[in-house]
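Student: I would like a close look at a single part of this model, the surface where protein and DNA meet. Please take me through it in one connected account.

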Protein chains: 2
Amino acid sequence: MSVQERKQRERAERERLIVATARELAEQQGWDAVTTRRLAERIEYSQPVLYSHFRGKREIIGAVALEGAAEMAAALRAATSAADGPRARVAALAGTYLDFAARNPAVYDAMFELDGGLAFAHEDTPQPLKDAFAALLDSLTEVAGDGVHPGLFTELFWASLHGLATLTRAGRLPPEHTERRVELLVNRLAKL
Amino acid sequence: MSVQERKQRERAERERLIVATARELAEQQGWDAVTTRRLAERIEYSQPVLYSHFRGKREIIGAVALEGAAEMAAALRAATSAADGPRARVAALAGTYLDFAARNPAVYDAMFELDGGLAFAHEDTPQPLKDAFAALLDSLTEVAGDGVHPGLFTELFWASLHGLATLTRAGRLPPEHTERRVELLVNRLAKL
DNA sequence: TCGTTTGTCTAGCGATGCTAGGATCAGCTC
DNA sequence: GAGCTGATCCTAGCATCGCTAGACAAACGA
């Protein structure tokens, strides 16, 4: 048994290595540079090994996305729990979200721009994604306003953050007034 | 001279054909299906002909994006000019924007998701893009609120619409309550 | 009528994601 | 300890991608 267990451990370790390497490479040189050949070379295995862990490149992207979602959820929880009052919580939430997107562009792409084969808004949505949304929901429910469905409000708030994040990073929005835009968003959307 | 002019006309016509075919193919089967080979086959010319009109695939995407931007700008103008009062104008603006994105997903991708090699928020931004932004700006200035820079407000409003459009189409947001989300967006962001 | 230019096509390059089939090496049995 | 077996990994290759070089033909000006 012990032999099998060791092999399983090594396999799991190698899988983590693949995901970490893909992420690192994507952050360094963009997802276009993450080819199966380059990835294989970096982990010092041959190409087909990747396919014994993942169905294909899509699933590797999906794995990076899940890792990112878990981190983002944790970051949002940490930021909101350290803030005092609804106003500060929402502001911290928005700031942390955009900060995460700006600091981890490749991961953010894996989560929301690229096709990682993940299910959203379903019952079979992976847990880390649910957690991240729940982190948003928890802090936004208290400022949704009377008669407004918290889930719907959270979806809208999230969409606005997502729009700001992607348009800014793609150079569609000038980066200088990011903070003022976030401030305006919080002031207007949240019923304080 | 007449001969040269005829040739120029034919060239311009063929260029329009390329762009229209690329757009059609993208709407039918997605941008992944728009390969230079397939595109060349559809227009009944060989592959290198494409490269005598455009530097590469990116530029073809960019051409589709510009065409789309012009159409979107026109649609926004038409919708807002037919609406009475600031409230109705903003609602029409938002509805038309999301409707355009939903009806022309491939074109919307070309404009905002894919790399079409276009400059944004610069002085050398192509006119159709400026027009589309100006259409937003014109209807949103009157509801920006006191002391709020209209351009900044427009950027935020646009980002929110963009987030709703992309997340909905990518299956990240359930499509059923789209209208309620738009209503909430208009009610909260606009100072009426 | 004869070069020259302009336009188009065939063929091919390097790179992509992915896979088939053979080699190698660990573990187990006698 | 020898031989078998099954898992593990690699080499080699496929089809397809964006893009380009060089050959060829048609249309033009002299």
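Student: Which residue has a polar backbone atom 2.9 Å from a phosphate oxygen of DNA strand C?

Tutor: That residue is A:Thr36, whose polar backbone atom lies 2.9 Å from a phosphate oxygen of DNA strand C, a polar contact being a pair of N or O atoms within 3.5 Å. This is a predicted model, in which local features need pLDDT of at least 70, side-chain atom pairs count only at pLDDT 80 or more, and totals for chains, interfaces and linings use all residues. Residues are numbered from 1 along each chain as its sequence is written, chains are lettered from A in the order in which they are written, and side-chain values use heavy atoms, with hydrogens and water left out.

A phosphate oxygen of DNA strand C is also 2.8 Å from a polar backbone atom of A:Lys57, while A:Tyr51 brings a polar side-chain atom to 2.9 Å from a phosphate oxygen of the strand. Altogether 18 residues surround DNA strand C, the closest being A:Thr35, A:Arg37, A:Gln47, A:Lys57 and B:Ser46, where a residue counts as near if one of its heavy atoms lies within 4 Å of the strand. Sugar and phosphate make up 52% of the atoms of DNA strand C that come within 4 Å of the protein.

At least two residues of this surface come from each of α1 (2-29), α2 (36-43) and α3 (47-53) of chain A, and from α3 (47-53) of chain B, helices being DSSP runs (H or I) of at least four residues. By class, the surface residues comprise seven nonpolar, five polar and six charged, with Ala, Val, Leu, Ile, Met, Phe, Trp, Tyr, Cys and Pro counted as nonpolar, Asp, Glu, Lys and Arg as charged, and the others, Gly among them, as polar.

Note on methods. Polar contact = N/O pair within 3.5 Å; in protein donor to acceptor, adjacent residues only side chain to side chain.
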